[in-house]
Amino acid sequence: MTQYPYTDKKDTRSGFGAGMTELGRTNPQVVTLCADLVGSLKIDTFIKENPERFFQCGISEANMIGISAGLTIGGKIPFATTFANFGSSRVFDQVRQAVAYSNKNVKIAVSHAGLTLGEDGATHQVLEDLAMMKALPNMTVINPCDYNQTKQATIASAAHEGPVYLRFGRPVIPVFIPEDMPFEIGKAITLNEGTDVSIFATGHLVWEALQACQILEDQGISAEIINIHTIKPLDVDAILASVKKTGCCVSAEEHQVNGGLGESIAHVLITQYLAPQEFVGVKDTFGESGTPDELMAKYGLKAENIVEAAKKAIARKAK
Amino acid sequence: MNIQDIASQVRRDIVRMVHGAKSGHPGGSLGCTDLIVSLYFKHMELKTDAAGPVVFDMNGTGEDLFFLSNGHISPVLYSVLARRGYFPVAELATFRKINSRLQGHPATAEHLEGIRIASGSLGQGLSVSIGAALAKKLNGDNHLVYVLMGDGEQQEGQIWEAATFAPHHKVDNLIAFVDFNGQQIDGPTDKVMNNRDLGAKYEAFGWRVLHMDGNDYESLEAVLTAAKALTGQGQPIVIITKTEMGQGVDFMMHTHKWHGVAPNDEQLAKALEQLPETLGDY
């Protein structure tokens, strides 16, 4: 399989911070807002270099979304930043009316998504945000997989005209996406070509999928690993091309299976090309306190879970 | 044409639009007519082309902006925008009908000139107007942002998030109005959920608070002029604007019953008798 050697481990939120630093230096229309989580969002450098383009909102996320929508009237490109829970479920109506329905050029950039937020527990571990955001017309939904891709996605979000929900996280994980790998919103990336099963992974599950790929290869199974960084618009062509080749697939995400990436893929398959699909994701339950690693293991989001799902999908292929 | 005559025509438009749609919100629309007519025909600096007519672009740089937070009183805004020249007056006949740009609540999706944000789900307009005011400051644009909210709407929590933000960030190019008509869907505001002293509340949050009779042209003229003079002094401004729901149509006044009800044919005729046609009906 294609190898992705890494020398460094970083959190995806730092990739966002690096992207914002670059945008601060290159795009004078970019402004940033935060609801009392500056340190967590890694935007200190942006603020230091562009104090007049940063608005501290305090603990009032609904207001932050509305102000962001207003800032676009006047040509600004606002990045509204907070934790994923507070940038989605807490403000869904504000996002729906003032951002999505009004089709405003607001970027909702959120950290600490999913179980890997860890010890804070289920109140903060949002696992439903992709479902909410992908249901909104006009909304683009991006869930990058490592530091480099998050930086790329941040810069691409600013260049994209329209509402974006950009989701990243807290844990330190391998930086495995090459800096020069092309990134285009809505365009899936094939990380490994294979013939027996397609594995569509997003966010932190992409690294797990690559580990699964190695395990499967050691057992004589050829897995195609596709990184779906853009949940919406979904790269339907890439999904169909891969499944037509392999005949079955697994979706893997740090999100509820209800309403997540897997359901979007199932929609494609059920309407265009019937094939077995297995789902790796959180199965209709809330999270809990624990280390990120313990939580990913307990809730079935590790490489071995993907391996198991892949074998199940292969076994269900028409004889 | 004087402001009062324009307002009379706008009130005719409102009752005819709501009657035509067999739904909509005449009460608050009639109450806020004098304010919104005064803004668009007298107090706001609007972008125009060389020949004089207003021109619309979404960014609104170089002109004053108005946001309607209590979007359900869309009939008054639509009528004023059409009468001011933003879109054809004939389009008022499509209000709330299928394939119309005049949605029940204001929206941008149909690209109606004059509308910059969707509103209807309450409590959001103050935040949006603060954002637009901040953009003006960043752009070095010295024009003002106006926003109208309902008094029932003051029960939404987001209003007070925004009310905290604006003085903290010295958003002093913003003039907010609270349509203080004392009524909401379920009855008098004092009975449904008492807002108590709204002026004192805003003052405690750090706003410059003014009071105005929104149905009295002398009061409107004096207070709007005073408010504009108070901008640029480090504080946002709010004007508690006393209005009468249903103003101009006697049987729609002094009650909350006409918040969201359309008049029938007979009631329409009775209303129109009280409102002289000054600019020609659509």
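The dialogue below goes through the interface of chain A and chain B in a predicted model.

Visitor: What makes the residues of chain A and chain B count as being in contact?

Guide: The cut-off is heavy atoms within 4.5 Å. By that rule, 27 residues of chain A are in contact with 31 residues of chain B.

Visitor: How do you know how much area is buried between the chains?

Guide: Buried area is what two parts lose on being put together, summed over both. For chain A and chain B this comes to about 2200 Å², with carbon and sulfur atoms giving 57%. On the chain A side, A:Ile73, A:Gln97 and A:Tyr101 lose the most area, together 28% of what that side buries.

Visitor: Why is the count of salt bridges what it is between chain A and chain B?

Guide: A salt bridge needs a side-chain nitrogen of Lys or Arg within 4 Å of a carboxyl oxygen of Asp or Glu. The count between the two chains is zero, so no pair there is counted as meeting that rule.

Visitor: What makes a residue pair across the interface a polar contact, and how many are there?

Guide: The test is a pair of N or O atoms within 3.5 Å, one able to donate a hydrogen and the other to accept it. The rule finds 16 such residue pairs across the interface, both residues at pLDDT 80 or more.

Visitor: Which elements of chain A supply the side that touches chain B?

Guide: Strand S3 (54–56), helix H4 (61–72) and helix H6 (92–101) each supply at least two residues. H4(A) gives the largest share, nine residues.

Notes
Residues are numbered from 1 along each chain as its sequence is written. Chains are lettered from A and ligands numbered from 1 in the order in which they are written. This is a predicted model: local features need pLDDT of at least 70, side-chain atom pairs count only at pLDDT 80 or more; totals for chains, interfaces and linings use all residues. Side-chain values use heavy atoms; hydrogens and water are left out. Buried area is the accessible area (1.4 Å probe) that two parts lose on being put together, summed over both. A polar contact is a pair of N or O atoms within 3.5 Å; within protein, one must be able to donate a hydrogen and the other to accept it, and residues adjacent in sequence count only if both atoms are side-chain atoms. Helices (H or I, at least four residues) and strands (E, at least two) are DSSP runs, numbered from the N terminus.
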